[in-house]
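Reader: I have a chain on my screen and would like to learn how its labels are earned. Could you walk me through the reasoning?

Author: Happily; let us put it up and take the labels in turn.

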Amino acid sequence: MKKKINIGSFILSIICILLFLLVSFSGLIDYSVMGTHPLTLVLYITLLTLILGVLGFSGIHDWKGMARSVTALIITSGLSAFLTFVIFFGSLLR
């Protein structure tokens, strides 16, 4: 089970990057249907993936598992810091 969390957090971190790129380059879309900005949703998913990445450290048995966990943590922590920065300063410009 712990190994599945490790692999799942790595896959989710890549999905978070793809979602960020999809939302960033989608252009002008009316977001009133969802009620919240899509970058905020990507931030929530990224923070959940960060927590899963930390939990995935318990399922490490070899160097590949360690590489997956460290990569997932670097990706998600960097993306969450960047999204927090963008959302905070973007809300100041409104």
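Reader: Which are the buried residues of helix 2?

Author: They are Pro38, Leu39, Thr40, Val42, Leu43, Thr46, Thr49 and Gly53. Please keep in mind that this is a predicted model.

Reader: Why is valine 42 called buried?

Author: The cut-off for buried is under 20% relative accessible area. Valine 42 comes out at 4%, so valine 42 counts as buried. This residue is found in helix 2.

Reader: What does valine 42 touch, leaving out residues up to four places away in sequence?

Author: Valine 42 touches Cys16, Leu19, Phe20, Val23 and Leu83. For a longer view, valine 42 and phenylalanine 88 are 46 residues apart in sequence, with their C-alpha atoms 14 Å apart in space.

Reader: What makes up the largest nonpolar core?

Author: Eight residues do: Cys16, Phe20, Val23, Leu39, Val42, Leu43, Leu79 and Leu83. At least two of these core residues come from each of helix 1 (2-24), helix 2 (38-55) and helix 3 (63-92). To be called a core, such residues must be buried and joined through side-chain atoms within 4.5 Å. As background, nonpolar side chains tend to be buried together in soluble globular proteins.

Reader: Which contacts does cysteine 16 make, again without residues up to four places away?

Author: Cysteine 16 touches Val42, Ile45, Thr46, Thr49 and Leu79.

Reader: How do you know that helix 3 has the span it should have?

Author: Helix 3 has 30 residues, and at 1.5 Å a residue the expected span is 44 Å. Its end C-alpha atoms are 43 Å apart, which agrees. Helix 2 can be checked likewise: its 18 residues reach 26 Å from first C-alpha to last, close to the 26 Å expected.

Reader: Which residues of helix 3 are buried?

Author: Gly65, Ser69, Ala72, Leu73, Thr76, Leu79, Ser80 and Leu83 are the buried ones.

Reader: Why is glycine 78 called partly exposed?

Author: Partly exposed lies between the two limits, under 20% for buried and over 50% for exposed. Glycine 78 has 38% relative accessibility, so it counts as partly exposed. Glycine 78 is found in helix 3, and its C-alpha atom is separated by 9.8 Å from that of threonine 46, 32 residues away along the chain.

Reader: What makes serine 24 partly exposed?

Author: Serine 24 is at 36% relative accessibility, so the label is again partly exposed. Serine 24 belongs to helix 1. Between serine 24 and tryptophan 63 there are 34 Å in space, C-alpha to C-alpha, and 39 residues in sequence.

Reader: Which residues make the nonpolar surface patch?

Author: Ile14, Ile17, Leu18, Leu21 and Phe25 make a patch of about 480 Å². A patch residue needs over 30% relative accessible area. Isoleucine 17, in helix 1, has 32% and is partly exposed.

Reader: And what is the order of the elements in the whole protein?

Author: From the N terminus on, they run α-α-α, with three helices and zero strands. The C-alpha trace spans about 50 × 20 × 20 Å along its principal axes.

Reader: How much of the protein counts as buried, and how much area is exposed?

Author: Of its 94 residues, 26% count as buried. The protein exposes about 6,300 Å², and carbon and sulfur atoms supply 77% of that area.

Reader: What share of the contacts with a separation of 6 or more joins residues 24 or more positions apart?

Author: Such pairs account for 72% of those contacts.

Key. Residues are numbered from 1 along each chain as its sequence is written. This is a predicted model: local features need pLDDT of at least 70, side-chain atom pairs count only at pLDDT 80 or more; totals for chains, interfaces and linings use all residues. Side-chain values use heavy atoms; hydrogens and water are left out. Buried means under 20% relative accessible area, exposed over 50%, partly exposed in between (1.4 Å probe, protein chains only). Helices (H or I, at least four residues) and strands (E, at least two) are DSSP runs, numbered from the N terminus. Contact means heavy atoms within 4.5 Å. Patches are made of residues with over 30% relative accessible area and no salt bridge: like charges are joined within 9 Å, nonpolar side chains (Val, Leu, Ile, Met, Phe, Trp, Tyr) within 5 Å. Accessible areas come from the Shrake-Rupley method with a 1.4 Å probe; for residues, only the protein chains shown count as cover. A salt bridge is a side-chain nitrogen of Lys or Arg within 4 Å of a carboxyl oxygen of Asp or Glu. The expected span of a helix is 1.5 Å times one less than its number of residues.
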